[in-house]
Amino acid sequence: MRSERKSTGLLFTWGLIFIAVLAACGSETNDKTVAVNLSLIVNSPQAQHGLASRFVAWLERWFPDATPAWAQSVSEIASIQVQITGPGIPVPVSTTVPVSDPTSGQVIPVSVQAPVGPNRTITVSAFNGDSPPVKIFSGTSPDVNLTAGAPVNLEIALVRLFTVTVQKQGNGSGTVTSSPAGIDCGGACSGQFQQGVAVSLNAAAAPGSAFVGWGDACSGTGPCSVTGNATVTARFEVPISTNRLTVTLGGNGIGMVTSNPTGISCPGTCAADFATGITVTLSAAPANGSAFNGFSGAGCSGSGSTCVVVIVGNPSVTATFTAGSSSSNLTVQKNGTGSGTVTSQPAGIDCGPTCVAGFPTGTVVTLTPTPAAGSIFSGWNGPRCGGTGPCTITLDTDFTAFPVFNPAPTDLLTLTVNKQGRGDGTVTSNPAGISCGPGCGTSQASFQPGMTVTLTATPDGGSSFNDWHGGPCNMSSSLTCQLQMNDSQTVSAHFDDSRGPGGGERGD
């Protein structure tokens, strides 16, 4: 019996093919077909290791008490569906073949007759034995050119699918859509996606309703992201009153504007109702090499990538993007095991949420890193940026900067900077850490013992810098103060207004 079983397994693994003749495989313009032999690999990691790994996987199945991962997956498959689309095929042709003895081999061989022609897409779906069957794996081979003659051999990796289901609650109404596409609830409130894909859900309230938040697998009012089987609840309510926020995309460039709470995802959904009186944050992201030039309308102005709108009186906002023929993309990719933010001047990068922005080619951009509490900025990796201070580059082409944030050592010393006087200005440090702009009274940062820190004071318009108080620069009127962190220190920067020094002190 064991010999007979082994023989059957070998035949299945190396020779057995399912012959599925597609009755409708001809089209009005082409009635020629070619045999296509598909080797379906049911777990992509083993597909990446080639024939040697498959041979090892085949041997594993003969060892007692060994259940290889591929066998656990294949045992769920009861049938395979193959669909072929492409030019000259007015209706996609498909066939479904059963899978018998699925665990007798890692590779499932399937042979189909496919219409010859260019740019064929072959899509394979694997179903379980439920009634009705449920699709549990899928794989695609695009841009296949099929010519009459010898059979064509293709290998397709089948990737496991996960299901995301959306349930709507509340006395209001609205829709939930997904990126990548698959859910439009509205209509389809459940969708399947390939393992490893992050699915972003966006809720948009119908006129007269407001989206008030997620439940189950997500929370809050921003976009909802899931990466596995999940049920998500979207609650829409009818508030006492709503107003409609409308976003218009201007300029000759390309970009997207999204909102928090969700509702706006423009292009696509460029108008949404929100409860009267709440604030909505709009975020702009240029694409395809375009540059974002700024928001206008509803109290928004300037070139910052975000805009906060108070929902009163049906506000309207325009986001302007410039075409990318003369634009370059700047990307910030944070490294290290700590955390922090990186901002740009001119505005565009706030990483944070916005780590890619387009700027007109030739723009001089300064990136400033700011470590979060409990972290330090360790410096820049990669070309053109170095040291532990801000990085200034001329953006003559697309460029990626690599800031490194690491956990702060436990023996760090604290530098405290206060601002005094009737004037105002900005105090920053190199290495980064201190960043005390207009309206800021005190800023603190941690530095390693022995590190040299340079403070720079920049007065605002109508103000002047008077002097430093405390530390090694006491009573110095220089705009910079250099100190060494041998212990925790406190330094004050004194700004005066146009009336001269004295009066109205901020602090001691």
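**Strand pairing, backbone exceptions and disulfides in the predicted model**

An open sheet is built from four strands in the order β27-β26-β29-β31, with antiparallel pairing. Its edges are formed by β27 (350–351) and β31 (391–395), each of which pairs on one side only. The structure described here is a predicted model. Within this sheet, β26 (residues 340–345) and β27 are joined by two bridges in the antiparallel sense. The contact can be located at residue level, since V342 has C351 of β27 as its bridge partner. In general terms, the strands of a sheet pair through backbone hydrogen bonds, and the arrangement is either parallel or antiparallel.

Both arrangements occur around strand β16. Strand β9 (residues 159–169) runs parallel to β16 (residues 230–237), and six bridges connect the two. One point of contact in this pair is Q169, whose bridge partner in β16 is R235. Strand β14 (residues 210–216) is likewise joined to β16, here through six bridges and in the antiparallel sense. In that pairing, D216 is matched with V232 of β16.

Strand β9 also pairs with β12, in the antiparallel sense and over five bridges. Strand β9 is thus described by two pairings, a parallel one with β16 and an antiparallel one with β12. Across the β9 and β12 pairing, F162 stands opposite F193 of β12. The two faces of β12 (residues 190–194) can be told apart by their cover: G191 and F193 make up the covered face, whereas S190, Q192 and Q194 make up the uncovered one. F193 therefore belongs to the covered face of its strand and stands opposite F162.

Backbone geometry was examined next. Most residues other than glycine have a negative phi, and most peptide bonds are trans. Two aspartates depart from the phi pattern. D143 has a positive phi of about 55° although it is not a glycine, and its place is in strand β7 (residues 135–146). The relative accessibility of D143 is 58%, and the residue is classed as exposed because this value lies over 50%. D216, also not a glycine, has a positive phi of about 65°. This residue lies in strand β14 and is the one bridged to V232 in β16. With a relative accessibility of 57%, D216 too counts as exposed.

Two cis peptide bonds involve an asparagine followed by a proline. The bond from N260 to P261 is cis, with omega near 5°, and P261 is found in the loop between β18 (255–260) and β19 (265–266). The bond from N430 to P431 is also cis, again with omega near 5°. P431 is placed in the loop between β34 (425–430) and β35 (435–436).

The structure holds eight disulfides, among them the three described here. In one of these, C266 is joined to C270 with an S to S distance of 1.9 Å. The link of C266 and C270 is right-handed, with 85° about the S-S bond. Its two cysteines fall into separate accessibility classes: C266 is buried, with a relative accessible area of 1%, whereas C270 is partly exposed, with a relative accessible area of 23%. The value for C270 lies between the limits of 20% and 50%, which is why this cysteine is not counted as buried.

A further disulfide joins C300 to C307, with an S to S distance of 1.5 Å. The angle about the S-S bond is 50°, and the link of C300 and C307 is right-handed. C300 is buried, with a relative accessible area of 9%, and C307 is buried as well, with a value of 4%.

The disulfide of C473 and C481 has an S to S distance of 2.1 Å. It is right-handed, with 95° about the S-S bond. At 10% relative accessibility C473 counts as buried, and C481 is buried at 0%.

Notes. Residues are numbered from 1 along each chain as its sequence is written. This is a predicted model: local features need pLDDT of at least 70, side-chain atom pairs count only at pLDDT 80 or more; totals for chains, interfaces and linings use all residues. Side-chain values use heavy atoms; hydrogens and water are left out. Two strands pair if DSSP finds at least two bridges between them. Buried means under 20% relative accessible area, exposed over 50%, partly exposed in between (1.4 Å probe, protein chains only). A disulfide is a pair of cysteine sulfur atoms within 2.5 Å.
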